[in-house]
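Reader: I would like a close look at a single part of this model, and at what surrounds it. Please explain the terms along the way.

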Amino acid sequence: FFENQISQYRFKPSIKKESTDKKYFNVGRYNFRLKFRKKFVSKSKVLIGLYDVPRYSNYLLDRHISSQFLYYLDDQLNFYRKLNEQIKKKTEVRLYPKSTHWETKQKFQDNFPNVKFDKSKTFLKSLDKTSLFIGTYNATTYNETLLANIPTILFWDEKFSKVSDYDTKNFDLLKDVGIFHNDPFEAAKYVN
């Protein structure tokens, strides 16, 4: 999808203002860490990327903060619960580095005794044999996977993580083709 959609654009980092030139697609400041994947990785893993927040807010985020994280965690558990068993066998959950605030790993293990966790030291290593990346929060990770041509599904609750007015039309396109979902159940159904 993206190869066809973006082939007409040239990427131009934009730091200060939106470009009015229709030949350019603003991507903001961007450090591209991943190589473009030319071949699909088959017989591999599905990788779910999670995040974490402190129990007590000490800064503002454009996503769940403090105890709102429990809603996020419920969404992750519901998503995983609704995956079919064949997909679960190929799925690894990547915990946020130094994830200690909400016992996320323990909650996954309590609900799903056979859950596998990604043990790679870096996100880049995690993606080496990933055939599908599941992005669960609005951050740089899904930009990188999409631009690297790694199949990607996104879901998060837009009540907690708003998309800017400027990006709304892009996310509407992602919704239309099944990449972005606002609901864990719909996302799991699409992955299945």
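Reader: Why does asparagine 149 count as partly exposed? After that, please go through strand β3 and its surroundings.

Author: This is a predicted model, in which local features need pLDDT of at least 70 and side-chain atom pairs count only at pLDDT 80 or more, while totals for chains, interfaces and linings use all residues. Residues are numbered from 1 along each chain as its sequence is written, and side-chain values use heavy atoms, with hydrogens and water left out.

Asparagine 149 counts as partly exposed because its relative accessibility is 34%. The scale calls a residue buried under 20% relative accessible area, exposed over 50%, and partly exposed in between (1.4 Å probe, protein chains only). Asparagine 149 sits in the loop between α6 (140-147) and β7 (152-155). Such labels are DSSP runs numbered from the N terminus: helices are H or I with at least four residues, strands are E with at least two. The phi angle of asparagine 149 is near 70 degrees, a positive value in a residue other than glycine. On one side of this loop, α6 lies across β6 and β7, and runs at about 155 degrees to β7. Here axes are lines fitted to C-alpha atoms, for helices over the stretch in contact, and angles run from 0 to 180 degrees between N-to-C directions.

Now to the strand. In β3 (residues 45-49), 5 of 5 residues are buried. In a regular strand the side chains alternate between the two faces of the sheet. In β3, Lys45, Leu47 and Gly49 are on one side, Val46 and Ile48 are on the other, and all are buried.

β3 belongs to an open sheet of 6 strands in the order β5-β4-β3-β6-β7-β8, with parallel pairing. Two strands pair if DSSP finds at least two bridges between them. The edges are β5 (116-117) and β8 (180-181), each with a single partner strand, so one side of each is left without a neighbour in the sheet. β3 has partners on both sides. To β6 (residues 130-135) it is joined by 5 parallel bridges, and lysine 45 has threonine 130 as its bridge partner there. To β4 (residues 91-94) it is joined by 4 parallel bridges. In this pair isoleucine 48 is matched with valine 93, and glycine 49 stands opposite arginine 94. β4 is covered as well: Thr91 and Val93 point one way, Glu92 and Arg94 the other, and all are buried. β4 in turn pairs with β5 over 2 parallel bridges, where glutamate 92 has lysine 116 as its partner.

β3 also feeds the largest nonpolar core, which has 27 residues, with Phe79, Phe108 and Ile134 making the most contacts inside it. Such a core is a set of buried Ala, Val, Leu, Ile, Met, Phe, Trp, Tyr and Cys residues joined through side-chain atoms within 4.5 Å. The elements giving two or more residues to it are β3, α2 (69-82), β6, β7 and α8 (184-191), and α2 gives the largest share, 6 residues. Leaving aside neighbours within four places in sequence, isoleucine 134 is in contact (heavy atoms within 4.5 Å) with residues including Val46, Leu47, Ile48, Gly49 and Phe79.
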